[in-house]
Amino acid sequence: MKTLKLNISGMTCAACSGRIEKVLGKTAGVISCVVNLTTRTAEIKYENITPEEIIAKIESLGFGAEIKTKKSDEDAISRLRKEEKILKIKFIISAILTFPLIFGMVTNFLGLHFFHFLHNPFYQLIVATPVQFIIGFSFYKKGYMALKSKSPNMDVLIAMGTSVAYFYSIYNMIAGKINPMTMEGLYFESSMTVITLIILGKFLEMKAKNKTSDAIRSLMKLQPETVTVLVGDEEKTIPIGHLEEGDIILIRPGERISADGIIISGGSSVDESMLTGEAMPVEKAIDDTVFSGTINLNGALKIKATKIGKDTMLSGIIRMVEDAQSVKAPIQRVADKVSAIFVPAVLLIALLTFILWFIFGGNIETALINTVSVLVIACPCSLGLATPTAIMVGTGLGAKNGILIKGGDALETAHKITAVAFDKTGTITEGTPSVSLFKNLGEYSDEVLLSVASAMESFSEHPIGKAITTFHENKAIISDFNSHTGRGISGIWDNCPVVMGSVKFTEENGIDISEILPEIRECELKGNTVIIISINNVPQGYFALSDKIRESASSTVSRLKKMGIEVFMITGDNEATAKAIGAQAGIENIYSQVLPKEKSEIINELKKRYTVAMVGDGINDAPALAKADIGLAMNSGTDIAMESAGITLMHNDLSLVPSAINLSRLTIKKVKQNLFWAFIYNSIGIPFAALGFLSPIISGTAMAFSSVSVVTNSLLLKNKEIKK
């Protein structure tokens, strides 16, 4: 199965995106299709069909489609800006042509008969025709394509409604059913005003929607276009696309860093706020890692590029934000289902309105006007915009605050969380333990015992192993090394079996530690992790390691509890150490001595009672992160942990956990507000229009501004404080 990402042009409402999904969904070879109206993108999973065939299918529906690349994204942004400009010009021309007729209607209503030429039917026909068929041509074109594919949309409603008013006015002219001194019998101003107001609404909507894409555009601008590379002693400025891994880059003070890499010369302060959200610069020296898009503030740096182009952290962030904005939230499906049946239902209501008014009102003019009002006010634009605009703004706000959300489904799930389970090492604690005590039990010298321990742990990637190898670097020769995940390690030294690990692991290997157990328990009660080294099945010594609790841990737990969320800690550490760390963080619900494979089993149990979020950073957390209703990965953790999680926290501040949940709650609240306003406009408006209480002009105004109000409401989310 392959995935195809496309930029789509020409969509105007939810029925458009629904039409593409419906047609592609029935196309052989297409497994799934998700089209996002707001981002104007499509993600298609397929097999046994070519991208060219998929694009051709979309184009046959009257839309443009091209594969997403950096250039096509730039072209799409440029096209949206151009579309916004064209809508503005269309509105201005339409308004200039429409204003005299509105003015004539108002003066006539007030009994001021000074501008008789404005009531001239031929003058009205002349100014109405370009508005109807040039300014409004797109409604006919897209409406025709929609009917052709048997998926009527808002363009059908607008084209039908305004055409009825326009052609009925011409009929009255030919039949002589007009008053030459007034505008009686002429409805050109109604069709013109509706088109003008809808074009205005579309312009304001486009302007607002373009703002919702600011998060991605601002991230894209962080990537420099050129880079200075060093070839020997010579400096060369090359396009960023020509940079290769291993190149040596020169970054001067004030410049943006152009690739992820390692500093090989120099030192400086680097502004990493675009990654972490932290305003304070980070001091960098030789061997430190720097990231593309961050700013070198003072010293000159020479950097060896390790990740370039699409592999950089910045590109990963852009990709995640784009994915988050293109994946539909489950709540969007409600709007999609309603939109799919909405337009046919409106056409039926409009037909009934005409028939009933004609039969019981006895007046074809009234029947036509009320029918036009129903057709115009019913356009479901706001319904299609309600969810994606809020999701876009929410994910953009998250990215700005160091919270990367993989999709609308992850964002929606997060608002339902009732329990958060934390890993301990590297999550609740800083993940950099150090040896606070070494106890030699006497058979070997310190030098020999430490060399054996260091040699054993040099095979391990665990933070505890690194702490011991840092404590003493002289290494002995070890053979037959084995790692027993989450428990300990074993090997052979000088023909002697060596076992290193926890109390439980040591006892499982049949080693008697009863004499030293009391002092070990005392160490553990102080929050230390104890690792025992045994040679020839005899305990020879032990290490007590301490890992500092994160500064934000206790305040984060407190915030979560105030939000009504239960907090758990799951760790492979022993019970005494786990309880000591839990007490410092304020966590009472603790699972200790848990093997990696058991973490996901615990999450499964918790899911029976709660909607569970798992927070972790290591490979051993990946199954639990994937198993939880939603996983939150620390950015300091492994790639596999971040791949398994629905949300990545870009800097190692646990306070982002409640902030992510709060962001989700605020965003879903906006979605519900938007859906309410979208439904209320149509639910109240259609009956009023059908009963004759709304003119086409008022209906057009209400319809246009319903979309604007939904997008504007979503944009208000930008100003929300998510860290409270």
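**Notes on the predicted model**

1. Starting with the contact pattern: if you take contacts between residues at least 6 apart in sequence, 68% of them join residues at least 24 apart. Keep in mind as you read on that this is a predicted model.

2. On the overall make-up, the protein has 724 residues, and 54% of them count as buried. I get 26 helices and 26 strands. The exposed area comes to about 31,400 Å², with carbon and sulfur atoms supplying 59% of it.

3. Now the interior. The largest nonpolar core holds 40 residues, and the members touching the most others are Val420, Phe422, Ile428, Leu632, Ile647 and Val657. Helix 25 gives the most to this core, with six residues. There is another core lying apart from it, made of 24 residues, including Tyr166, Phe188, Val194 and Met206.

4. Helix 25 is worth a second look for a polar residue too: Asn674 sits in this helix, which spans residues 656-690. Is Asn674 buried or exposed? Its relative accessibility is 0%, so Asn674 counts as buried, the cut-off being under 20%. Its side chain has a polar partner, with a 2.8 Å polar contact to the side chain of Ser714. Setting aside neighbours within four places in sequence, Asn674 is in contact with Ala386, Thr389 and Ala390, and also with Val710, Asn713 and Ser714.

5. Over to the surface, where there is a nonpolar patch you may want to colour in. Leu348, Leu351, Leu352, Ile355, Leu356, Phe358, Ile359, Phe360 and Ile364 make it up, and together they have about 890 Å² of accessible area. Which element supplies the largest share of the patch? That would be helix 11, residues 330-361, with eight residues. Leu348 is one of the patch residues, and it lies in helix 11.

6. Last, a lysine in a strand. Lys304 belongs to strand 13, which covers residues 301-307. With a relative accessible area of 41%, Lys304 falls between the 20% and 50% limits and is therefore partly exposed. Its C-alpha atom is 6.3 Å from that of Ile249, although the two residues are 55 apart along the chain. Leaving out neighbours within four places in sequence, the contacts of Lys304 are Gly246, Asp247 and Ile248, along with Asp260, Gly261, Ile262 and Ile264.

How values were computed: Residues numbered from 1 in each chain as written. Predicted model: local features only at pLDDT ≥ 70, side-chain atom pairs only at ≥ 80, totals over all residues. Heavy atoms only, no water. Patch = residues over 30% accessible without salt bridge, like charges linked within 9 Å, V, L, I, M, F, W, Y side chains within 5 Å. Areas by Shrake-Rupley, 256 points an atom, 1.4 Å probe, with all protein chains shown as cover. Salt bridge = Lys/Arg side-chain N within 4 Å of Asp/Glu carboxyl O. Helix = DSSP H or I, 4+ residues; strand = E, 2+ residues; numbered from the N terminus. Buried < 20%, exposed > 50% of the residue type's maximum accessible area, 1.4 Å probe, protein only. Polar contact = N/O pair within 3.5 Å; in protein donor to acceptor, adjacent residues only side chain to side chain. Contact = heavy atoms within 4.5 Å. Core = buried A, V, L, I, M, F, W, Y, C linked by side-chain atoms within 4.5 Å.
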